[in-house]
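Reader: Before we discuss any label, could you show me the model and then explain the terms as they come up?

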Amino acid sequence: MWGRRGRPGLIAEVKKASPSKGVIQPDFDPVRIAQAYERGGAACLSVLTDEKFFQGSFQNLTLIRAAGVRCPLLCKEFIVEAYQGSKQGSKQGSKQGSKALPTRAWAHTRGGLTAAPPPGASIGKHTSSDDAHSKVKARGIVMVGESGIFTPEDVAFVKQAGCGAILVGESIVKQGDIEAGVKALLA
Ligand SMILES: O=P(O)(O)OC[C@@H](O)[C@@H](O)c1c[nH]c2ccccc12
């Protein structure tokens with residue numbers, strides 16, 4: 001996940017809208033955006049598939065891959081109701097319900113950072129600097145700094161906090177020249 005020249009790897013989010021901001025990119029062409037992200041140097045793409053809140057779709061994932069984008073693609077879906085977890089769990093024939101699902105953990109406190117990642121988690125999140133991140137690193141977990149990253153200074157801040165990757169949507173997806181926006185953020 002480490003990016004070129006020692007910078008955090010960029011997970012660029014293909015995001016049309018959010019519940020808090022409304023439509024972020026009215027001229028939303030998921031393939032054009034994904035290709036621009038890749039040309040700009042993204043390490044991975046996060047494709048929002050939630051329709052109700054983020055105006056995404058599963059078809060966008062298919063279209064992006066079919067268009068020849070080679071970056072790894074994350075399917076970003078939101079589990080907003082507990083029943084979705086148990087429904088999914090029962091589909092899988094699992095009695096664990098939603099416990100079978102998490103692959104990523106959020107932490108907002110020092111204690112949470114070391115306690116949160118479930119067994120098998122590959123990615124965690126943390127944005128404040130302390131020695132807890134070295135414990136997480138020792139467990140082979142890549143921390144992702146995310147949400148509200150707008151400038152190279154923001155990138156430097158989360159890198160300083162121990163993040164090996166960043167997840168960015170709004171600040172780059174809303175730009176006219178997305179490829180240039182990615183390059184400027186990673187500069
Ligand atoms: O668009 P931003 O501020 O760069 O954020 C991207 C990403 O972090 C955000 O879409 C996100 C991450 N986790 C979430 C959970 C719910 C809703 C949204 C999110």
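Author: Contact means heavy atoms within 4.5 Å, and helices are DSSP runs of H or I with at least four residues, numbered from the N terminus. This is a predicted model, in which local features need pLDDT of at least 70 and side-chain atom pairs count only at pLDDT 80 or more, while totals for chains, interfaces and linings use all residues. Residues are numbered from 1 along each chain as its sequence is written, and side-chain values use heavy atoms, with hydrogens and water left out.

Reader: What makes α1 and α8 meet, in terms of residues?

Author: On the α1 side R32, I33, A36, Y37, R39 and G40 are in contact with I178, E179, V182, K183 and L186 of α8.

Reader: How do you know the angle at which helix α1 and helix α8 pack?

Author: Axes are lines fitted to C-alpha atoms over the stretch in contact, and angles run from 0 to 180 degrees between N-to-C directions. By that rule α1 (residues 30-40) and α8 (residues 178-186) pack at about 35°, with axes 8 Å apart.

Reader: What makes E13 and K15 polar contacts of the ligand?

Author: A polar contact is a pair of N or O atoms within 3.5 Å. A side-chain N or O atom of E13 is 2.5 Å from a ligand oxygen atom, and a polar side-chain atom of K15 lies 2.7 Å from a ligand oxygen atom, so both pairs satisfy the definition.

Technical notes: Helix = DSSP H or I, 4+ residues; strand = E, 2+ residues; numbered from the N terminus. Polar contact = N/O pair within 3.5 Å; in protein donor to acceptor, adjacent residues only side chain to side chain.
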